[in-house]
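Hi everyone, thanks for coming along. I'd like to walk you through a structure that may be new to you, so please bring it up on your screens.

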Amino acid sequence: MNQEGIPATGKPPKDSRRWTLYTDGASSREGSEAGLILTRTEGEEVTYSLCFDFHTSNNEVEYEALLNGLRLAKQMGAEAVVALTDSRLDANQINGSFETKDKRMEKYVKIVQWLFKPFKEFIIKQIPRRENRRAHALSKLAST
């Protein structure tokens, strides 16, 4: 997979089992929340707001959202996943563009890599925050 998130084949999957996953997370004194949207190319959509009973950093909760999204994609029978996040750190650590210096982040990267192994193709890309508004809104919804 290259820096732009394109798989080694150079072509994104064009399969009916291809899903797009939008994730976002936020951490505050009140707790940690995440939102995720899983959409299939045919238009089927699953949305979740998650509230965690443990405190994390913003980076960790972004990973938690991705982990939960990948688990959901597997349950939905996805064969290919395009994960879109506004977290520069997550996308680049998973793509290998950024070094993982923190032990906790290193564990998250390993878990993500383990979770995406069953998929025929996996792409992760950082997107601008404005393109991730719905997942962000779902993460805020979890705190209410």
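Let me begin with a term: two strands count as paired if DSSP finds at least two bridges between them. One thing to keep in mind throughout is that this is a predicted model.

With that term in hand, look at Val81. Which residue is its bridge partner in E5? The partner is Phe122. Val81 sits within strand E4, residues 80–85, and E4 pairs with E5 in the parallel sense over 6 bridges.

Now let's step back to the sheet. It is an open sheet of 5 strands, in the order E3-E2-E1-E4-E5, and the pairing is mixed. Which strands stand at the edges? They are E3, residues 45–52, and E5, residues 121–126; each has a single partner strand, so one side of each has no neighbour in the sheet. On average, neighbouring strands here are turned by 15° against each other, if we ignore direction.

As a general reminder, strands of a sheet pair through backbone hydrogen bonds, and they can do so in parallel or antiparallel fashion. We have seen a parallel pair, E4 with E5. For an antiparallel one, go to E2 and E3, which pair over 8 bridges. There, Leu36 stands opposite Tyr48 of E3. E2 and E3 make a hairpin with 4 residues between them, and in the turn Gly43 has a positive phi of about 110°.

Next, please find helix H1, residues 58–75. Its 18 residues reach 26 Å from the first C-alpha to the last, close to the 26 Å expected. Just after H1 comes Gly77, with a positive phi of about 85°.

Where does H1 lie? It lies across strands E1, E2, E3, E4 and E5, and runs at about 150° to E1. The buried residues of H1 include Val61, Leu67, Leu70 and Leu72, and there are charged names on that list too, among them Glu60 and Glu64.

H1 also meets a second helix, H2, residues 88–95. Their axes come within 9 Å and cross at roughly 65°, and the crossing is right-handed. From H1, the contact is made by Asn59, Glu62, Tyr63 and Leu66; from H2, by Leu89, Asp90, Gln93 and Ile94. Sorted by class, that contact has 4 nonpolar, 2 polar and 2 charged residues. Two of the H1 residues in this contact, Glu62 and Tyr63, are also buried.

That's my tour; thanks for listening!

Technical notes
Residues are numbered from 1 along each chain as its sequence is written. This is a predicted model: local features need pLDDT of at least 70, side-chain atom pairs count only at pLDDT 80 or more; totals for chains, interfaces and linings use all residues. Side-chain values use heavy atoms; hydrogens and water are left out. The expected span of a helix is 1.5 Å times one less than its number of residues. Buried means under 20% relative accessible area, exposed over 50%, partly exposed in between (1.4 Å probe, protein chains only). Axes are lines fitted to C-alpha atoms, for helices over the stretch in contact, and angles run from 0 to 180 degrees between N-to-C directions. Contact means heavy atoms within 4.5 Å. A crossing is left-handed if the near helix is turned anticlockwise from the far one by less than a right angle, and right-handed if clockwise.
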